[in-house]
Amino acid sequence: MSTDRIAAAGDNQRVVIFDTTLRDGEQSPGASMNLEEKLRVAEGLEAMGVDVIEAGFPIASVGDFEAVKAIAERSKSSVICGLSRATRGDIARCAEAIAPAPRKRIHTFISTSPLHMKYKLQMEPETVLQRVTESVSYARSLVDDVEWSAEDGSRTEHDFLCRCVEAAIAAGARTINIPDTVGYAIPEEYAGLIRMVMERVPNADKAIFSVHCHNDLGLAVANSLAAVGAGARQIECTINGLGERAGNAAMEEIVMALRTRQDAMAYHTEIKTEHITKMSRMISAITGFAIQPNKAVVGANAFAHESGIHQDGMLKHAGTYEIMTPESIGLNRSTLVLGKHSGRAAFRQKLAELGYGDLGDNSVNEAFARFKDLADLKKEVFDEDIAAIVDDTAMRTHDRIKLVELDIRCGTVHRPPHAKMTLDIDGVTESRDGTGDGPVDAIFKAIREMVPHDAVLELYQVSAVTKGTDAQAEVTVRLREDGKSVNGQGSDTDTLVASAKAYIHALNKLLVKREKTVPDGIAV
Ligand code: KIV
Ligand code: ZN
């Protein structure tokens, strides 16, 4: 349902969910997605019932433009939104990218706080105000649905903020977003700001008010919910709270808070919460950002009960220690345990249970072959193992660089560790030998020989997917080049193979990141 339909329906308790995982989320240091990954995410967000998908920032690069356009072409029910600064060039490019979408929105923004206007924009407030009118009017000449944002809104002087909001609405903006760009606000104060603007701006009733909170003080979700209590009816958020610096408000936390605490917050969204686990895993696998075990709603421990007292309570009544059910976020308490005798049908059923029911035949076949290899090595194959396999195979089919073979020699004899490695680079097979201070170093050097780059290795981290000495290793690698960082993940029962995969995954991300021409900090 588009925002106008929501308003027309007069459902004042309905909160519009605006997902910006593909824009603000992708701007977070380390995260970047290729076209196929963005399409998968957009498809998942639409299936989950997201009202507005901010698909990207079309002026940022040809890749961003193409991704927004491809998402717009495939979209059916969600509004597809593109971001643009307050310039005609940005806005025109954005309109072009979203044009194929049945429902489309231009989101244009400019900074309004004294600090940003003076130092970042180096513009006088009156010039900024003029730009608000010009940019929104121009965007409205291209599309009906325009959102205007006051960047650094929470640190903007109230009188000036109200003048800008009034001008934006008068110029045709239907949604007014007051972001807490730097995550500085606290709930009561932020709710007061939204209330003040809605009360003071004479034409406020012509727009839906939106909030966009960053998590620098860990208050993004609390601030967003407080703002809804004050009258905001759109929340901008991301899956897993991905986003610039400490991230944005986490969508899964917002929608589950609204669902769980209907008694205290009588608002509702159209999100099918059963899709949460699948989307959370998808974003983690694509970006290489692991989910902390104690993360609210989607962390591995969110429904785990360790202490005896809690376990006893749970056996007597799940409500003793669970305020929401795992099923409500699509986490099934599965009874199906897979082992080496499990066949393709059971494997497919497990994939569906884990939220991977829509994988194509080729991806299922590839993942099934890896599962069989794993089942030969491990007694029990856990759900986490299957998820790691799928994330490592099906999600990587469009990578430009792929691992073909790895042969390692290490040990205690006085010879340097040696790696012989074969890669597929854009369809061409290449092999190299590398030596190093250790086997991981030898692997990374062999990769660097085949794919020359100046990126610095910032992080190399190994963790186990499950318990036990036969567990798969999950490796995270972070590379940094020209001020941009990317994360890569790889998993395998062999830690060295997982390391090679993680490094290659990060390199694939770097290739995507290199295309961007507008700096991530988005200055006008
Ligand atoms: O944080 C912010 O202010 C933004 C705007 C572009 C909406 O991301
Ligand atoms: Zn933001």
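Visitor: Why is V297 called buried?
Guide: Buried is a word for under 20% relative accessible area, exposed is over 50%, and partly exposed is in between (1.4 Å probe, protein chains only). V297 comes out at 7%, so it counts as buried. Before we go on, this is a predicted model, where local features need pLDDT of at least 70, side-chain atom pairs count only at pLDDT 80 or more, and totals for chains, interfaces and linings use all residues. Residues are numbered from 1 along each chain as its sequence is written, chains are lettered from A and ligands numbered from 1 in the order in which they are written, and side-chain values use heavy atoms, with hydrogens and water left out.

Visitor: Where does V297 sit, and what is its phi?
Guide: Look in the loop between α12 (276–287) and α13 (308–316). Helices (H or I, at least four residues) and strands (E, at least two) are DSSP runs, numbered from the N terminus. Phi of V297 is near 70°, a positive value in a residue other than glycine.

Visitor: What makes D482 exposed?
Guide: Its relative accessibility is 74%, so D482 counts as exposed. You'll find D482 in the loop between β13 (473–481) and β14 (484–492). Phi is positive here too, near 50°, and again the residue isn't glycine.

Visitor: And how do you know whether G427 is buried or exposed?
Guide: With 57% relative accessibility, G427 counts as exposed. That glycine lies in the loop between β10 (418–425) and β11 (428–435). Its C-alpha atom is 9.0 Å from that of K402, which is 25 residues away along the chain.

Visitor: What makes D24, H212 and H214 donors of the zinc ion (ligand 2)?
Guide: Donors are N, O and S atoms within 2.8 Å of the metal (3.2 Å for Na, K and Ca), and because water is not among the atoms, sites may look incomplete. Here OD of D24 and the NE2 atoms of H212 and H214 coordinate the zinc ion at 2.0 to 2.1 Å, so they pass that limit. Along the chain, the donors follow the spacing D-x187-H-x1-H. D24 is in helix α2 (residues 21–25) and H212 is in strand β7 (residues 208–213), so the pair ties together parts that are 188 residues apart in sequence.

Visitor: Why are D24 and H212 called buried?
Guide: D24 has 2% relative accessibility, so it counts as buried. H212 has 5%, so the same word applies to it.

Visitor: Why is the pair of F444 and Y460 called edge-to-face?
Guide: Rings of Phe, Tyr and Trp (its six-membered ring) pair if their centres lie within 6.5 Å; planes under 30 degrees apart count as stacked, over 60 as edge-to-face and the rest as tilted. The centres of F444 and Y460 are 6.0 Å apart with planes at 80°, so this pair is edge-to-face. The two rings link distant parts of the chain, helix α17 (residues 439–450) and strand β12 (residues 456–464), 16 residues apart. F444 is buried at 7%, while Y460 is partly exposed at 32%. The structure holds five aromatic pairs, and ring pairs also link F347, F368 and F371 into a cluster.

Visitor: How do you know that R93 lies over the face of F65?
Guide: A charge sits over a ring if NZ of Lys or CZ of Arg is within 6 Å of the ring centre and within 35 degrees of the ring normal. R93 lies over F65 at 3.6 Å from the ring centre. R88 lies over Y138 in this way, at 3.9 Å.

Visitor: What makes C162 a cysteine in no disulfide?
Guide: A disulfide is a pair of cysteine sulfur atoms within 2.5 Å. A search of the whole structure finds zero of them. For C162, the nearest cysteine sulfur, that of C164, is 9.4 Å away, so the limit isn't met. C162 is buried at 6%, whereas C410 is partly exposed at 47%.

Visitor: What makes a nonpolar core, and which residues touch the most other members of the largest one?
Guide: A nonpolar core is a set of buried Ala, Val, Leu, Ile, Met, Phe, Trp, Tyr and Cys residues joined through side-chain atoms within 4.5 Å. The largest has 95 residues, and W148, V165, I176 and M251 touch the most other members. Helix α8 (residues 158–170) gives the largest share, eight residues. At least three residues come from each of domain 1 (3–287) and domain 2 (303–331), with domain bounds taken from an automatic or database domain assignment.
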